[in-house]
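Student: Could we take a close look at just one part of this protein? I'd like to see how a single helix sits in the rest of the chain.

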Amino acid sequence: MTPGHGQLKAPALTRVADHDWATEVLAAFEPGAAGAPVPSERALTSATDWLRRGVPVVMPTETVYGLAAPALDRDAVTAVFAIKQRPLDNPLIAHVAGLEQLPELGIRLSSLAAQLAEAFWPGPLTLVLPTRSQMPWVTAGLDSIAVRQPQHEFARALIQRVGPLAAPSANRSGLPSPTRASHALQDLNGLVPLIVDAGELEHGVESTVLDVRGTVPVLLRPGALSTEAIEAVCGCAVLLPQAGGAARSPGMKYRHYSPRAQLWLYPPLAGNARAARQLAADAHELRARGRRVAAIVREPVPEVERIIPLPAEARQVARALFHWLRELDDQGIDCVLIEGVPAIGVGRAIMDRLERAATHIRRVETTVASLEGP
Ligand code: TXA
Ligand code: MG
């Protein structure tokens, strides 16, 4: 199925997006005078040239790779939607190098926003704010705009040169976000002229998206920055959008992060013997039906073709999760059985992504077992 099928269609390919590029991959860093790595001049110059000509390129951030275009360049941003096959009603995040770039986007920080920006920028926090600017190609026609200041050295240097960049994750719409340059290449080879490679990225899950238009923050997307950290700074509880209510963030209504394989999600297995038995029984049955089965679990389970050990540390899970899903797809695995993590800290973002990607969710309590479909 085409991503976005049945919803607003992605735009017809523009001339830029239609081009068949010989995609070049350049290293983001080179050794600096003092020995420590600095952003590569070659990669910066190349990315700057393409962006100034209105051609989107892939850049690293501290969360996931982004498909960047100058925020003020309508045609370049429109090409981003076409390249990703992204539904037109799903707005982009504008990335700035510092607070001084906010007026270019028609943004003024509320006091709550200023407090959070002061505490967490540069970093993996996206703030949704009112905007008076006329950039419907970024905001999808909303009267709000999402903005963040990334921490990644290369992204910062690039935005400093080119100005604010609109950038969604650099994957084909609906697939897991790219946390390595090879993932972006897999999805966008020939569709962009340049991918800037900074290796495996620090967080591996996207930024936390927070609506700060009111007096209390509302969580639109859990991400790399924990709600606990946000609450500690603003001194109030972060609100969660009503379950089943209108999606506050347009992107949340789309199916996301989905590998080709079926994804079966279980509760954390430690201390939940029923869940562990359920996973083993599912593995057995899927194998008996001829499926190729992998498990991502803390303790080994029998009868699966491949086991990826689940690290105890949630940050390590976040970093590697999208890579595991892509890798298992590449190996032709049909069913991935994965054990969940506690939904605290970055674990909340991990569970959000897993629940969105899952084809089957086994909610095995200690007494009752039930199976939900997608
Ligand atoms: O870490 C990240 O946030 C990465 C890197 C590249 O910065 N970017 C990213 O962008 O994940 P994207 O486009 O994949 O996700 C942006 C999310 C979507 O769910 C979108 O609907 C939401 O932010 N969003 C953007 N503008 C919004 C707005 N004005 N109001 C509510 N939600 C908005
Ligand atoms: Mg995305």
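**A close look at helix α4**

Student: Let's pick helix α4, residues 111-120. Which of its residues are buried, and what covers them?

Tutor: Sure, but keep in mind that this is a predicted model. Let's start with the surroundings. The protein chain is built with 11 helices and 18 strands, and its C-alpha atoms fill a box of roughly 55 × 50 × 50 Å along the principal axes. A compact globule with 374 residues would have a radius of gyration near 21 Å, and this chain has 21 Å, so the two agree. Of those 374 residues, 55% count as buried.

Now zoom in on α4. Here L112, A113, L116, A117 and F120 are buried. These residues cover an arc of only 130 degrees around the axis, so they end up on the same side of α4. Swing round to the other side of the helix and you'll find S111 and E118, which are exposed.

And what lies over the buried residues? Their cover includes two strands, β7 (125-130) and β11 (208-211), along with another helix, α8 (227-234). Now zoom back out to contacts across the chain. Taking those between residues at least 6 apart in sequence, 69% join residues at least 24 apart.

So here's the picture to keep: α4 has one side with buried residues, including L116 and F120, because the buried set spans an arc of only 130 degrees. Exposed S111 and E118 are on the other side, while β7, β11 and α8 are among the parts covering the buried residues.

Methods. Residues are numbered from 1 along each chain as its sequence is written. Chains are lettered from A and ligands numbered from 1 in the order in which they are written. This is a predicted model: local features need pLDDT of at least 70, side-chain atom pairs count only at pLDDT 80 or more; totals for chains, interfaces and linings use all residues. Side-chain values use heavy atoms; hydrogens and water are left out. Helices (H or I, at least four residues) and strands (E, at least two) are DSSP runs, numbered from the N terminus. The radius of gyration is taken over C-alpha atoms; the globule rule is 2.2 Å times the number of residues to the power 0.38. Buried means under 20% relative accessible area, exposed over 50%, partly exposed in between (1.4 Å probe, protein chains only). Contact means heavy atoms within 4.5 Å. The arc is that of the directions from the helix axis to the C-beta atoms.
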